[in-house]
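Me: I would like to learn how to read a fold step by step, beginning with strands and ending with the chain as a whole. Could you take me through it, giving the general idea before each case?

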Amino acid sequence: MKTLYELKNIKHYYEGKKVLDIEELILEENQIIGFLGPNGSGKSTLFSLLSFVTKVSKGEIIFDGLCSTLLGFDAKQDIVILPQNPYLLKRSVFENIAYGLKIRKSCDNLEEEVYKALTLVGLDKSFSKRKHSELSGGEAQRVALAARLVLKPKVLILDEPTAGVDTNSAQLIKEAILLAKQKYNTSIFISSHDYNWLNHICDKKVALFQGELIQSESINLLFAPWEKNEEGNLVKVFLDGQKLVIPNSKEKKRDSIMMINSDYIHLEKMPTLKNITEESLSATVSSIHQQNCQNHLLVEFSLGGICLNSRLKKENIEKDYLLPGNNIFVKIDTQKVQWL
C-alpha cells in the first residue's frame, strides 16, 4: 500500500509549550484511520498540521512523496478538513454545498454534484432548498460533511464528526464515510470520543497521549461495563464468563475504556500448553493478516464475543502452525494498559 503521509521528528509548540512530539508516523492512502486519545492529547493539533492549516514548528511532513515545503496550492486543496464545530454559511443548503465547487471554478453539472453529495449523507435533493437556520444539529453536521464530500478530496480529515448528533445521524455519517472511501478512494482521518463507533469503522487506529504517539499499528480497546473486585480493581467479565482483572485500577471508574497495544497480548496455541497461567484466557483465532512489516502478522481472535488482536512474528506463527479456527490461550500484559 502506498504511503500518503510520512512524519519525521515532529515537535510542535504552542505559546512556548510543546504539544506534539512524534518521532515517526506513516499513514497510508485509501484507509480510514482513527485517532484516539483524551482531551489535550494533541489530536486537533495533529489534524491542523496534516491539513497544512498550521506550519509545524520542527520536523518534516512528507505528503504524497513531496516535502510540505514544496507543496503547491493545488496539492493542498486535495486535503479537506471538517472541524469539530463546522460553520455553515447563512445561505441555503444548496449554496453551502456548492460553495467549494464555485470557489474552485468547478461548476460543471453543479446541481447534479450537489444532489449526489446530499445522497451520500442520507438527505433527499429536496433538502437543498432549506435554509441553514432550519437544520437540526445532526442535519447541519451532515450538510457540512456533504460540502466536503462534493469536492471528492484525496484526504478528508474529520474532527469529532459525531459529537452532539443523534444516533441516526451518526450511522448516516458512518455510511457516508465508507462510501467516500469506496467511490473516491479518499483517505479519511477521524478523531472521536465515541470509541465504539470509531472502532467499527477504522482500518487502523493511532493513539496519542500528552502529545506523544502511543501506538500506530494495532490498538485494542476494552469498553465498559466493568465490575469491581474485593480489592476495588476493575474486572472485565466476558460473555462466556471468563474474567480479566486489571491490577492498580482502583481509581478508575466502571465506565472507563482500556487500551492495550497488540504487542502486549501474547498467544499460545492450546495443544502446546507451554506458559499457561491462571491469567490465561481461552479464545479462537478469527483471521491472520499481513502487516507493513514483512516479519510480523496481525492475528485477530475472538475472546468472549469481543474481537481483539495480537502482533506476532511470522516465524512463530509458522512454527506453531497457527491458523484461523484454532483454539488458543491469551495472556494480556495488564501492566502495559492505558486508559482513555
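Reply: Two strands are said to pair if DSSP finds at least two bridges between them. Please keep in mind throughout that this is a predicted model.

Me: In what order do the strands of the open sheet stand, and how are they paired?

Reply: The open sheet is formed by 5 strands in the order β16-β20-β17-β18-β19, and the pairing is antiparallel. At the edges stand β16 (265–269) and β19 (306–313), and because each has a single partner strand, one side of each is left without a neighbour in the sheet. Averaged over the sheet and with direction ignored, neighbouring strands are turned by 45° against each other.

Me: How many bridges join β18 to β19?

Reply: Strand β18, residues 296–303, is joined to β19 by 8 bridges, and the two run antiparallel. As for the register, leucine 298 stands opposite arginine 311 in β19.

Me: Turning to single residues, is threonine 186 buried or exposed?

Reply: A residue counts as buried under 20% relative accessible area and as exposed over 50%, with partly exposed in between. Threonine 186 has a relative accessible area of 1%, so it is buried, although its place is in the loop between α6 (167–184) and β8 (187–191). A polar atom of its side chain lies 2.8 Å from the backbone oxygen of proline 153. Leaving aside neighbours within four places in sequence, threonine 186 is in contact with Asn30, Pro153, Lys154, Val155, Leu156, Ala180 and Lys181.

Me: And which residues is lysine 102 in contact with, leaving aside its neighbours within four places in sequence?

Reply: Those contacts of lysine 102 are Glu95, Cys107 and Leu110. Lysine 102 lies in helix α3, residues 93–103, and because its relative accessible area is 35%, it is classed as partly exposed. Lysine 102 and glutamine 171, which are 69 residues apart in sequence, are 29 Å apart in space, C-alpha to C-alpha.

Me: What radius of gyration does the chain have, and why does it agree with a compact globule?

Reply: The chain has 22 Å, which agrees because a compact globule with 340 residues would have a radius of gyration near 20 Å. Taken along the principal axes, the C-alpha atoms fill a box of roughly 65 × 40 × 40 Å, and the secondary structure comes to 8 helices and 21 strands. Of the 340 residues, 48% count as buried, while among contacts with a separation of 6 or more, residues 24 or more positions apart account for 66%. The accessible surface comes to about 17300 Å², of which 46% belongs to carbon and sulfur atoms.

Note on methods
Residues are numbered from 1 along each chain as its sequence is written. This is a predicted model: local features need pLDDT of at least 70, side-chain atom pairs count only at pLDDT 80 or more; totals for chains, interfaces and linings use all residues. Side-chain values use heavy atoms; hydrogens and water are left out. Helices (H or I, at least four residues) and strands (E, at least two) are DSSP runs, numbered from the N terminus. Axes are lines fitted to C-alpha atoms, for helices over the stretch in contact, and angles run from 0 to 180 degrees between N-to-C directions. Buried means under 20% relative accessible area, exposed over 50%, partly exposed in between (1.4 Å probe, protein chains only). A polar contact is a pair of N or O atoms within 3.5 Å; within protein, one must be able to donate a hydrogen and the other to accept it, and residues adjacent in sequence count only if both atoms are side-chain atoms. Contact means heavy atoms within 4.5 Å. The radius of gyration is taken over C-alpha atoms; the globule rule is 2.2 Å times the number of residues to the power 0.38. Accessible areas come from the Shrake-Rupley method with a 1.4 Å probe; for residues, only the protein chains shown count as cover.
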